[in-house]
Amino acid sequence: MKWNRWIIVAGLLSLASTAVASPTVTHGGLAAPDIIEIVVHVGKVNVGVQVPYVKKDSDTLTPRGHRTYVYRDGRKVGVLVGPDQNMLRPLDTFEGEALDISRIGDPSNYWIRSADDERYRTRTHPRAIHRKHKPVGIARTDDWKFAAPLAYHLFLTLPHRLQENATYTISIDGVDVPDCTLHYRPEQLRSESIHVSHLGFTPDGPVKLGFLSCWMGDGGGLEYQNDLPFHVLSEKDGSRVYSGRAHLAKPATVKDEDAYQRNFNLTNVYELDFSPVKKEGDYRLYVEGIGCSYPFRIGADIWQGAFVTAARGFFHQRSGIALGPPYTTFQRPRSFHPDDGVKIYASTTRLMDTRNGLSRSDPDNFRNLVAGATDELVAHAWGGYMDAGDWDRRIQHLVASIYLLDLAEQFSDFFREVSLNIPESANGQPDIIDEALFNLDCYRRLQTPPGGVRGGIESEEHPNLGETSWQETLRILAYAPGSWSSYYYAGVATKAAGVLKALGRNELARVYEASALRAMEWAEKDYAQRDQRAKSYQLKGVTIERLDNHHQVRDMRNYAAAELFRLTGDERWQRIFRETTKLNQPNAQLYVWQSHEQREAAWVYVRTERDNIDTQLQQYCRQALLREAQDRLRTQARTGFRWTKNDWAPPTATLSVSDAVSLVRAHILTQDAKYLKAIVLACQTGLGANPLNLCYTTGLGHRRPHLPLHLDSRHTGQAPPEGLTVFGPVDPTAEQDLFLQTVIAPFCYPPPRQWPIMEAYWDVFWYPMMCEFTIHHPMSYNAYTWGYLAAIRGSRTAGEH
């Protein structure tokens, strides 16, 4: 009951701190020398935070599917949650009204006046008004009914430019919007049009860039003077430490930022290059006549702080432990642990044969898994990292362990000193390794006595409305062992054994090596029987396609063999690697859609030092790694904000993330400065150098997601924990999905399809494609890239001393 009382307090504190419902001016600044931008927020969401359920005489309980709704005096008020149905999750409520569009769209309703500027002593209308508005949160007032607070961005084109050091008042007739008072001191006034990394830069970093851009909604993109002067100002005293001129990086008319011939900006993007600035300190960018960016820092340890935040994101997604002080301010009881009475049942369906694995014939995420459900209990099934909205733990999450172990191996001295403040921090082993092993050990516990490894743990459906991870009432299932998951595990466990052996932890290394070999041997026997099985089978009226011959099974076999050969030198594993590689010729690609994806295997083989290694094949793998890095460089050269991605990949989960893994590895192999520069540039967009001036990772930056799809914080009234990188912007023209139509479109102007991709992110919680996050992507990518940048800086600094 102690936890229930805490929920009430947390909820009241959370609701007391939310925005007021009446219109509030949250920003006033300049978008251009002759355009004022005002941002007005309207509306308030009262999130339905869980409270103990106290039944009233007028209450009626109505079961529907997995949910039990509470009707009070004939009105639906919420849903009962938890195994004992003793907690009520009320429906969200909403306060406030949208602004009158006829009023805010008419320039004659706006007045600008100033006692300091004689041109505005008589109140004056702007010449034109342009606008855009979007939801900034969502109230789910019923199962599929929503209401949203809005942020209105209003652009006022001025008849005269403003006078420095003068004060102006902007008012709007006919709407309940407070007057906006603007003190025009452009070297102190922040502008939404100036974008820079919130994290900052290292003193000796290869590049330091900011950007200038503005899309005015129904007013389209702004075109600035190409050589606008800008300055780097010291936050300490306002002095100018560097001056330069803006340079056009990407015209709005050029549509080539990826293979689909798109321009992600719909406005000109200008670069502000201040790479020569080396002195540590706090700064801001100032563009003459417009204003300033958010402050940023130049310091030696910025990447270490970012890495720690990202790695703590993994800690905050741990399943099977309680969260709270002294390790985190976010509080959560232990979830999904068998000692608390949680039961995990075996399914006869393999992860690889479901939509959550490799199948595309499975019509939803759960049908095939549930069809294979049995009454057999799976012992010791706990741990691993949970995804955002579903609490699943799947074998794909092991990419986090791969990347953490890779960093630990390459920079053991540096990461030995990096504390993540986790329960294992005092055990004498580097925290980065402890974090990797916590994830890996979930699948070690899922290894069956014959050696096969289950693909993970999954509930039978998306979570019940209002429930948290420790209150799960749905049936929880463990996938059957499969060759794909067993190969995957074998490769990562082998990597762990190698890293532990290098640390002198020989006894523990032998545990992982033995487990890896058992998994590999089981997978080899299972894989050998693939052509003897029927291509599909019937299970409880469901047709399940067997995917033993899917290329990703072969790719994971290739990866596991590479790791085992690197660890043991056994020619048997090299022979399997040779048989399964697609990189055994010049000009081979690491990834070819529906053919193969062999990045990790190539990376392992390139770094293998064995007398019996195939040096020609190793060279082909090296060339393939560098070829992919070159592809990323070419894409980056075409993008306005210097992000990069696979040219054919959709934008989802590419703009919030540092898609620089291939660039990192190319830099390790060559030490070529062009790759390091590209890595740093690739990180900028996700860290705040974007049109929204938003850092897409919780816990970082001046502005970050407040409403990631994190159910445990939402339903308990807490702020989301640090380290969660959301998927970020989507292409609003790619598909008109239900969430876009229902959650976004009614509250967005212009219509979502007309928004630039770079701004098509709405912090609303109830939009999985942009507000959700997953362990394997984007969280793992950021942790690896930021960890690498931290380590090379830290190792270099340590070497200097």
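**Figure 1. Arg-638 and Asp-647 form a salt bridge in this predicted model.** The closest nitrogen and oxygen atoms of Arg-638 and Asp-647 are 2.7 Å apart. Side chains of opposite charge can pair when their charged atoms come close. Arg-638 has a relative accessible area of 23%, so this residue counts as partly exposed, a class that lies between under 20% for buried and over 50% for exposed. The count for the model comes to 52 salt bridges.

**Figure 2. The side chains of Arg-297 and Asp-301 meet in a salt bridge.** The distance from nitrogen to oxygen in this bridge is 3.1 Å. How exposed is Arg-297? With a relative accessible area of 33%, Arg-297 is partly exposed. Its partner Asp-301 is partly exposed as well, with a relative accessible area of 43%.

**Figure 3. A salt bridge connects the side chains of Arg-578 and Glu-571.** Here the nitrogen and oxygen lie 3.0 Å apart. Arg-578 has a relative accessible area of 32% and is partly exposed. Glu-571, at 30% relative accessibility, also counts as partly exposed.

**Figure 4. Six charged residues are linked in a network of salt bridges.** Which residues belong to this network? The acidic members are Asp-406, Glu-409 and Glu-600. Arg-566, Arg-607 and Arg-665 are the arginine members.

**Figure 5. Tyr-224 and Tyr-270 form an edge-to-face aromatic pair.** The model contains 30 aromatic pairs. In the pair shown, the ring centres are 5.7 Å apart and the angle between the planes is 85°. This contact links distant parts of the chain, as the two residues are 46 residues apart. Tyr-224 lies in the loop between strand S18 (209–212) and strand S19 (229–234), whereas Tyr-270 belongs to strand S22 (residues 269–273). Are these two tyrosines buried or exposed? Both Tyr-224 and Tyr-270 are buried.

**Figure 6. The rings of Trp-755 and Trp-762 make an edge-to-face pair.** Why is the pair of Trp-755 and Trp-762 described as edge-to-face? The planes of the two rings stand at 70°, and an angle over 60 degrees counts as edge-to-face, so the pair receives this description. The ring centres of Trp-755 and Trp-762 lie 5.7 Å apart. Trp-755 is buried, and Trp-762 is buried too.

**Figure 7. Aromatic rings take part in a cluster and in contacts with charged side chains.** Ring pairs join Trp-144, Phe-146, Phe-739 and Tyr-767 into a cluster. Where does the charged end of Arg-190 sit? The charged end of Arg-190 is placed over the ring of Tyr-294, at 4.1 Å from the ring centre. In a further contact, the charged end of Arg-714 sits over the ring of Phe-765, 4.5 Å from the centre of that ring.

**Figure 8. Strand S8 pairs with strand S4 and with strand S7.** Strand S4 (residues 51–52) runs antiparallel to strand S8 (residues 87–90), and two bridges join them. The bridge partner of Pro-52 in S8 is Met-87. Strand S7 (residues 75–81) pairs with S8 in the antiparallel sense over four bridges. Within this second pairing, Leu-80 stands opposite Leu-88 of S8. S7 and S8 form a hairpin, with five residues between the two strands. In the turn, Gly-82 has a positive phi of about 90°. In a regular strand, side chains alternate between the two faces of the sheet.

Conventions
Residues numbered from 1 in each chain as written. Predicted model: local features only at pLDDT ≥ 70, side-chain atom pairs only at ≥ 80, totals over all residues. Heavy atoms only, no water. Phe/Tyr/Trp six-rings, centres within 6.5 Å; stacked < 30°, edge-to-face > 60°. Buried < 20%, exposed > 50% of the residue type's maximum accessible area, 1.4 Å probe, protein only. Lys NZ or Arg CZ within 6 Å of the ring centre and 35° of its normal. Salt bridge = Lys/Arg side-chain N within 4 Å of Asp/Glu carboxyl O. Pairing = 2+ DSSP bridges.
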